[in-house]
Amino acid sequence: MASLTEDVINYLMAEDACAVGIATTETLAGGPESVDLEYVMPGAKSAVSFAVPMNQNLMMPYLSKKERRPYQHEHLHMHALTAGMALLLARYLDQRGYPSYPLASNNVYRTDASPGGMNDLLPDISLRYLAVATGVAQFGLSGNVLTKEHGAALILGGIVTSAELEPTDPLPDEENYCDGCRLCMAVCSASMMDPEEETTVKLGSKEHVYSKRRTYHRCELVCGGFTGLHPSGKWSTWSPGRFEIPKEDDEFTGALINAAMAYRQRPETEGGFLTHLIDKKLGMTCGCCQVICVADKEERKRRYKALTESGCVVQNLDGSLEALSPEEAAERVAAMDQGTRALYETV
């Protein structure tokens, strides 16, 4: 099947993928449930993983609170692009006699894998695990995947197929630029990554290690845009929310429900996307752990400085977002009437 494997790789590389890899049931053996290819397609033999890079020129304006919409548009466009590439490749293989299943790049979760169902955000097939198993990317400390050329600003795609393709090798450890700088942790207001514990995932013959992730409700609360003020009070994400971020995992469900109820009543902002998680559009407000991570150490520092000196976001009555100094932002929110203020912080 070497010729078919080459055709698949060439197909995706011609569609702007920066890396393509192949996994088989053997090279995924020993992995968690989220690499069980038969979950989405009984009889599956292989999976194709690929990555598309985001535009690095959009990162500093986003982090420094100069512009949000271009980054948001890029992020959503790349998800649509990778999902479309997966669909086209799956149909291509279908027509060559190999039934295939395209994987969504985001927002598709298992309904039967845990007590919380889809709200626990467990993917049907983990695109991150496919990426590291196939040599498309490597894990950084954050648990995001990265490449030396594009950092962690990658959008992943993939398909599951009945074709018996030739597997590709994981990248060697020495090619991983992650040096444990912990800036990914420093820019995560929700403290999603455990600073001490690690997760080890065995895929085939290779083990992959990254920091243990705490409850995904942490990411929902902050990356969802419901709140965004860093615990230091000195900067925020693009979210105007200022609700307290709990320290303990078991406190996040209640905090998320309360913040989401307030979010529903805020003025609409421009752009955004729909999700099953809430009956109102969400916007791109965080993703800082992904955006800050690049191979160049000095560029990482510049991005961290830009974010932590970017101020705190407040929302105007027309729905627009504005970054002010920490002091000005606090004064703006304190001057709101009690009902309006309750949409952004606990009154």
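**Exercise 1. The cover of helix α6**

Task: In this predicted model, determine which residues of α6 are buried and what covers them.

Solution: Begin with the cover, which includes α7. The residues of α6 that lie beneath a cover of this kind can then be listed: H217, R218, E220, L221 and V222 are buried. A residue counts as buried when its relative accessible area is under 20%. An α-helix has 3.6 residues a turn, so residues three or four places apart point the same way. Finally, follow the chain out of the helix, where α6 is succeeded by G225, a residue with a positive phi near 90°.

**Exercise 2. T227, beyond the end of α6**

Task: Locate T227 in the chain, decide whether T227 is buried or exposed, and find what T227 is in contact with.

Solution: T227 belongs to the loop that runs between α6 (216-223) and α7 (252-264). Its relative accessible area is 0%, and because buried means under 20%, T227 is classed as buried. Once neighbours within four places in sequence are set aside, T227 is in contact with L221 and V222, and also with T237, S239, G241, R242, F243 and I245. Of these partners, L221 and V222 have already appeared among the buried residues of α6. A further step compares distant parts of the chain: T227 and Y344 are 117 residues apart along the chain, while their C-alpha atoms are separated by 7.6 Å.

**Exercise 3. A second loop residue, S34**

Task: Find which loop holds S34, and which residues S34 touches when those up to four places away are not counted.

Solution: The loop between β1 (19-24) and β2 (46-53) holds S34. With a relative accessible area of 14%, S34 is below the 20% limit and is therefore buried. Leaving out residues up to four places away in sequence, S34 touches R110, P123, D124, I125, S126 and Y129. One of these partners, D124, can be followed further, since the C-alpha atoms of S34 and D124 are separated by 6.2 Å although the two residues are 90 residues apart along the chain.

**Exercise 4. The nonpolar cores**

Task: Identify the residues that touch the most other members of the largest nonpolar core, and trace the contacts of F50.

Solution: The largest nonpolar core has 56 residues, and those touching the most other members are L12, V48, F50 and F226. Helix α3 (residues 69-95) supplies the largest share of this core, namely seven residues. Taking F50 next, and leaving aside its neighbours within four places in sequence, one finds contacts that include L12, A17, V20, M85, V136 and I155. A separate second core, made of 28 residues, includes A23, L37, A131 and F139.

**Exercise 5. Aromatic pairs and charges over rings**

Task: Classify the pair formed by F139 and Y210, and find which charged residue sits over the ring of Y210.

Solution: A search of the whole structure gives six aromatic pairs. A pair of aromatic rings is described by the distance of the centres and the angle of the planes. For F139 and Y210 the centres are 4.4 Å apart and the planes stand at 35°, so this pair is tilted. Because F139 lies in strand β4 (residues 138-139) and Y210 in strand β8 (residues 206-213), the pair ties together parts that are 71 residues apart in sequence. Both F139 and Y210 are buried. The charged end of R128 sits over the ring of Y210, 5.3 Å from the ring's centre. Elsewhere, Y62, Y71 and W238 make up one aromatic cluster.

**Exercise 6. The largest cavity**

Task: Find how much space lies in the largest cavity and which lining residues are closest to its centre.

Solution: The whole-structure search yields two cavities of 30 Å³ or more, and the largest of them holds about 160 Å³ of space. Its lining consists of 19 residues, of which Y263, T269, G283, T285 and Q315 are the closest to the centre. Strand β10 (residues 278-282) contributes the largest share of that lining, three residues. As a last step, return to Y263, whose ring has K280 lying over its face at 4.9 Å from the ring centre.

**Exercise 7. Positive phi outside glycine**

Task: Compare the settings of K65 and S191, and classify the accessibility of K65 and of S191.

Solution: Most residues other than glycine have a negative phi. K65 is not a glycine, yet its phi is positive, about 65°; S191, also not a glycine, has a positive phi of about 55°. K65 is in the loop between α2 (59-63) and α3, whereas S191 is in the loop between α5 (183-186) and β7 (193-203). K65 has 8% relative accessibility and so counts as buried, while S191, at 34%, counts as partly exposed.

Terms used: Residues are numbered from 1 along each chain as its sequence is written. This is a predicted model: local features need pLDDT of at least 70, side-chain atom pairs count only at pLDDT 80 or more; totals for chains, interfaces and linings use all residues. Side-chain values use heavy atoms; hydrogens and water are left out. A nonpolar core is a set of buried Ala, Val, Leu, Ile, Met, Phe, Trp, Tyr and Cys residues joined through side-chain atoms within 4.5 Å. Buried means under 20% relative accessible area, exposed over 50%, partly exposed in between (1.4 Å probe, protein chains only). Helices (H or I, at least four residues) and strands (E, at least two) are DSSP runs, numbered from the N terminus. Contact means heavy atoms within 4.5 Å. Rings of Phe, Tyr and Trp (its six-membered ring) pair if their centres lie within 6.5 Å; planes under 30 degrees apart count as stacked, over 60 as edge-to-face and the rest as tilted. A charge sits over a ring if NZ of Lys or CZ of Arg is within 6 Å of the ring centre and within 35 degrees of the ring normal. On a 1 Å grid over the protein atoms alone, a cavity is a set of points where a 1.4 Å probe fits but cannot get out, and a pocket is an open set with protein on both sides within 12 Å along at least five of seven lines; lining residues have an atom within 4 Å of a point. Grid points are joined across faces, edges and corners, and a volume is the space filled by probe spheres set on the points.
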